[in-house]
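Hello,

Here is the structure we talked about. Please open it first, then read the notes underneath.

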Amino acid sequence: MAAPLNLLDFDRQALSAWCGQLGEKPFRATQLFRWMHQRGAGDFGQMSDLAKPLREKLTGRAQVCALPALGEQASSDGTVKWLFDVGGGNAVESVFIPEDDRGTLCVSSQAGCAVGCRFCATGHQGFARNLTTGEILAQLWFAEHTLRRRFNSQERMISNVVLMGMGEPLHNYGALLPALRVRLDDHGYGRSRRRLTVSTSGVVPMIDRLAADCPVALAVSLHAPGDALRDQLVPLNRKYPLAELLAACARYLDAAPRDFITFEYCLLGGVNDAPEQAQTLVRLMQTYRAEGLRAKFNLIGFNPFPASGLVRAAPERVRAFAAILSDAGIVTTVRKTRGDDIAAACGQLAGDVQDRTRARERMARRRAAAAVAFHRKQPAAAAPA
Ligand code: SF4
């Protein structure tokens, strides 16, 4: 007998089609969908208004497959980080960030990441694999219903979702799209497009696809005011340089639920935090403003990790950088670091990826080539006396 299907892999339309194959009407799929996502039910026996014959058909054919939580850490500021086992020695992380007026869940889309941004702990791990739709949604499903039980609440706990955890979501578009639809579906989580953000390092063709298929709020990891530096910090820039990326951002706004794109800029001491670089950034934004691009900047403090060789920008440099953008009329916030004490802050999510594949191998090859070149340049060592 075939392995049971994971019903978290389906958006409502796909669930309806699958239930149709079992001879069930679309409203039965909607009932099932609501039990799973609105009430957190994972056991068909709990779904009391589903007809008994349907529950019997589901048993053995399907399951609601949660991700096993390997661990939970709570920060002194209320941030909670979960580590989930996704099999094959890989794990991914999700982070809940409570604030006075919202609760945000940061969700992972891949185990590891192939983009390899220099300042990002996930990027340093290399890429293992894409998550399935069910694995992306299982993070939300677990967090929402765990928090409701914990706080004995009938209210929805997670108001905002950001695809800003491990991975480049637009490199996993096929799995991402149904997950976004479930979040927006009134019979699922029923949240607005404005409260759902996809963050990308700049996969230009997929930004256009997202605009056409499911426009939600968009955040772009920028981190540099010009191509030369961005090529080094965000290697994807070599494929999709700033001119293409910013033009795609301007086009996206025609469909977006917000009238601006959020640009993330991680301030790295002595690398991208100089006042002249802020001024270059202002000029860049002014150029694209003429093409319809409206921008908001989030300046992020770097969270150092040993392999990066980078340091956090000094507070006075951060203030000066922010002031230059603000004085030029660009809405700019300096993001508060949350969950620092549990390594849950931006760029710190690392999970545990056993299958450290291409990026890791590439880095090892580069290190080996650099070492060979270095030794060739050295004068021959003097023979020992
Ligand atoms: S910042 Fe995002 S895109 Fe870049 S390596 Fe990290 S997870 Fe990947």
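The ligand is surrounded by Cys 113, Val 115, Gly 116, Cys 117, Cys 120, Thr 122, Gly 123, Met 166, Gly 167, Glu 168, Ser 201 and Ser 221 (a residue counts if its C-beta atom, placed from the backbone, lies within 6 Å of the molecule). This shell has five nonpolar, six polar and one charged residues. Here Ala, Val, Leu, Ile, Met, Phe, Trp, Tyr, Cys and Pro count as nonpolar, Asp, Glu, Lys and Arg as charged, and the others, Gly among them, as polar.

The model is predicted: local features need pLDDT of at least 70 and side-chain atom pairs count only at pLDDT 80 or more, while totals for chains, interfaces and linings use all residues. Residues are numbered from 1 along each chain as its sequence is written.

Two helix pairs follow. Helices are DSSP runs (H or I, at least four residues), numbered from the N terminus.

Helix α1 (residues 12-21) packs on helix α2 (residues 26-37) at about 125 degrees, with axes 8 Å apart. Axes are lines fitted to C-alpha atoms over the stretch in contact, and angles run from 0 to 180 degrees between N-to-C directions. α1 and α2 are therefore oblique to each other (under 35 degrees is roughly parallel, over 145 roughly antiparallel, 65 to 115 roughly perpendicular, and the rest oblique).

Helix α5 (residues 133-150) and helix α6 (residues 173-184) pack at about 35 degrees, their axes also 8 Å apart. Thr 133, Ile 136 and Leu 137 of α5 touch Ala 175, Leu 176, Pro 178, Ala 179 and Val 182 of α6 (contact means C-beta atoms, placed from the backbone, within 7 Å). That contact has seven nonpolar, one polar and no charged residues.

Regards

Methods: Contact = placed C-beta atoms within 7 Å.
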